[in-house]
Amino acid sequence: MAVAKFLNKYWGAPVGNFKGADIGENIQVRSSINLTAKMVIRKNDNLNDYYVFSIGKIPNYEIIGFIKGVDARREEWYTDNGNGRPPAWFVPQSALKKFKNESTSK
């Protein structure tokens, strides 16, 4: 909801939608409460979708940036972090594109 508000887009409140777009037809939202977290892109994630990363918890979120799925699949980001889940791409926050709007806190 925070990302939709930031983008001034309608949020249809999809619940349990872990594969499709969260906002519109091609925007997926990833989030973490860990301030230093990397954004995770998994093997089955849509290459053509845009992934927006936010950090925080209710009611304070910071919108860090975004990346297109195809651009997130860089070899150096592909990692098996040993948590029992399949390897994935862990995109550093510094690699995310910033939004033109200077204020990213919502």
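This section describes the fold, the strand pairing and the salt bridges of a predicted model.

The chain comprises 106 residues, of which 35% count as buried. Two helices and six strands make up its secondary structure. Along the sequence these elements follow the pattern α-β-β-β-β-α-β-β. Among contacts between residues at least 6 apart in sequence, 44% join residues at least 24 apart. The exposed surface of the chain amounts to about 7100 Å². Carbon and sulfur atoms supply 51% of that surface.

The strands were examined sheet by sheet. One open sheet holds three strands in the order β1-β3-β4, with mixed pairing. Its edge strands are β1 and β4 (60-68), each of which pairs on one side only. Neighbouring strands in this sheet are turned by 25° against each other on average, direction ignored. The mixed character can be traced pair by pair. β1 and β3 run in the parallel sense and share six bridges. β3 and β4 pair in the antiparallel sense, over eight bridges.

Individual residues fix the register of these pairs. Ile27 lies opposite Tyr50 of β3. Ser31 has Ser54 in β3 as its bridge partner. For Lys57, the bridge partner in β4 is Asn60. Strand β3 is mostly covered, with six of its eight residues buried.

The connection from β3 to β4 is a hairpin through two residues. Pro59 is found in this loop between β3 and β4. The peptide bond joining Ile58 and Pro59 is cis, with omega at about 5°. In general, most peptide bonds are trans.

A second open sheet also has three strands. Their order is β2-β6-β5, and the pairing is antiparallel. β2 and β5 (78-79) stand at the edges, each with a single partner strand, so one side of each has no neighbour in the sheet. β5 is joined to β6 (residues 88-91) by two bridges, and these strands run antiparallel. Within this pairing, Tyr78 has Trp89 of β6 as its bridge partner.

The salt bridges were considered next. A search of the whole structure finds two. One is formed by Arg30 and Asp45, whose closest N and O atoms are 3.1 Å apart. This pair links distant parts of the chain, with the two positions 15 residues apart in sequence numbering. Arg30 lies in strand β1, whereas Asp45 lies in the loop between β2 (39-41) and β3 (50-57). Both Arg30 and Asp45 are buried.

Arg30 merits a fuller account. Strand β1, in which Arg30 is found, covers residues 27-32. Arg30 has a relative accessibility of 15%, so Arg30 counts as buried, the cut-off being under 20%. Besides the salt bridge to Asp45, the side chain of Arg30 makes a polar contact of 3.1 Å with the side chain of Gln28. Leaving aside residues up to four places away in sequence, Arg30 touches Met39, Val40, Ile41, Asp45, Tyr51, Val52, Phe53 and Ser54. The list thus includes Asp45, the salt-bridge partner.

The other salt bridge joins Glu76 and Arg74. Their closest N and O atoms are 2.4 Å apart. Glu76 is exposed, with a relative accessible area of 53%. Arg74 is partly exposed, at 39%. The two classes follow from the cut-offs: exposed means over 50%, and partly exposed lies between that value and 20%. The burial of the two pairs can be set side by side. Arg30 and Asp45 are buried, whereas Glu76 is exposed and Arg74 is partly exposed.

Note on methods. Residues numbered from 1 in each chain as written. Predicted model: local features only at pLDDT ≥ 70, side-chain atom pairs only at ≥ 80, totals over all residues. Heavy atoms only, no water. Helix = DSSP H or I, 4+ residues; strand = E, 2+ residues; numbered from the N terminus. Buried < 20%, exposed > 50% of the residue type's maximum accessible area, 1.4 Å probe, protein only. Contact = heavy atoms within 4.5 Å. Areas by Shrake-Rupley, 256 points an atom, 1.4 Å probe, with all protein chains shown as cover. Polar contact = N/O pair within 3.5 Å; in protein donor to acceptor, adjacent residues only side chain to side chain. Salt bridge = Lys/Arg side-chain N within 4 Å of Asp/Glu carboxyl O. Pairing = 2+ DSSP bridges. Axes fitted to C-alpha atoms, helices over the stretch in contact; angles between N-to-C directions.
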